[in-house]
Amino acid sequence: MPVAYLFCFALIVVLLIICVYYAYKAAHIIRENTISDLRYTISALSAEISRIELSVRTEIATNRSETQQSLRGYREEQSLAFNRFGELMANSMKDTSRLQQAQLETFAANLNTLTCAIEDR
């Protein structure tokens, strides 16, 4: 009987060693698959980051160009508006000056007529 126990014990130890070996092997395979999956994910993320970076750079350059064009148009519009305003003010001052000159000439003529009328009396 003790030999049978010893044989069973040896068989159990051998089976345990085999189980441990296969467990280690399975864990190693899983670890390799996990590492492989991580490498694939990292390379995919790297490719996506490169694509997004290129897209962002292109978008920034486009926005910069559009902003410059917009600002150039705004400056031109403001310049034209100020030029029109200056011309309007100059024309208004000319008209006011002509009107004042005409009024002063009329006043001078009336004053001259009045002066002549007073001298005649």
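The paragraphs below go through a predicted model, from its overall form to its surface and its salt bridges.

The secondary structure is simply described: the protein has one helix and zero strands. Its radius of gyration is 51 Å, whereas the globule rule gives 14 Å for 121 residues, so the protein is more spread out than a compact globule. The C-alpha trace gives the extents along the principal axes, which are about 170 × 25 × 5 Å. The helix, H1, covers residues 2-120.

Accessibility comes next. Of the 121 residues in the protein, 0% are buried; a residue would need a relative accessible area under 20% to be counted as such. The exposed area of the protein is about 11,400 Å², and 66% of that area comes from carbon and sulfur atoms.

Part of this surface is a nonpolar patch of about 730 Å². Its members are Phe7, Leu11, Val14, Leu15, Ile18, Tyr21 and Tyr22. Tyr21 belongs to helix H1. With a relative accessibility of 47%, Tyr21 is classed as partly exposed, because that class lies between the 20% limit for buried and the 50% limit for exposed.

The charged residues can be taken as a whole before the individual pairs. The protein carries 12 positive and 13 negative charges, and the mean positions of the two sets are 13 Å apart. Side chains of opposite charge can pair when their charged atoms come close. In this model the count of salt bridges is three.

One of these joins the side chains of Glu48 and Arg51, with an N to O distance of 2.8 Å. Both residues are in helix H1 and are three residues apart, which is about one turn of the helix. Glu48 has a relative accessibility of 37% and counts as partly exposed.

Another salt bridge links Glu53 and Arg57, whose closest N and O atoms are 3.0 Å apart. Here the spacing in helix H1 is four residues, so about one helical turn separates Arg57 and Glu53. The partners fall in separate accessibility classes: Arg57 is exposed, with a relative accessible area of 55%, while Glu53, at 40%, is partly exposed.

The remaining pair is Asp95 and Arg98, and the closest N and O atoms of this salt bridge are 3.1 Å apart. Asp95 and Arg98 are both in helix H1, three residues apart, again about one turn of the helix. Asp95 is partly exposed, at 45% relative accessibility.

Conventions. Residues numbered from 1 in each chain as written. Predicted model: local features only at pLDDT ≥ 70, side-chain atom pairs only at ≥ 80, totals over all residues. Heavy atoms only, no water. Helix = DSSP H or I, 4+ residues; strand = E, 2+ residues; numbered from the N terminus. Rg over C-alpha atoms; globule rule 2.2 N^0.38 Å. Buried < 20%, exposed > 50% of the residue type's maximum accessible area, 1.4 Å probe, protein only. Areas by Shrake-Rupley, 256 points an atom, 1.4 Å probe, with all protein chains shown as cover. Lys, Arg positive; Asp, Glu negative; His and termini not counted. Charge placed at Lys NZ, Arg CZ, Asp CG, Glu CD. Patch = residues over 30% accessible without salt bridge, like charges linked within 9 Å, V, L, I, M, F, W, Y side chains within 5 Å. Salt bridge = Lys/Arg side-chain N within 4 Å of Asp/Glu carboxyl O.
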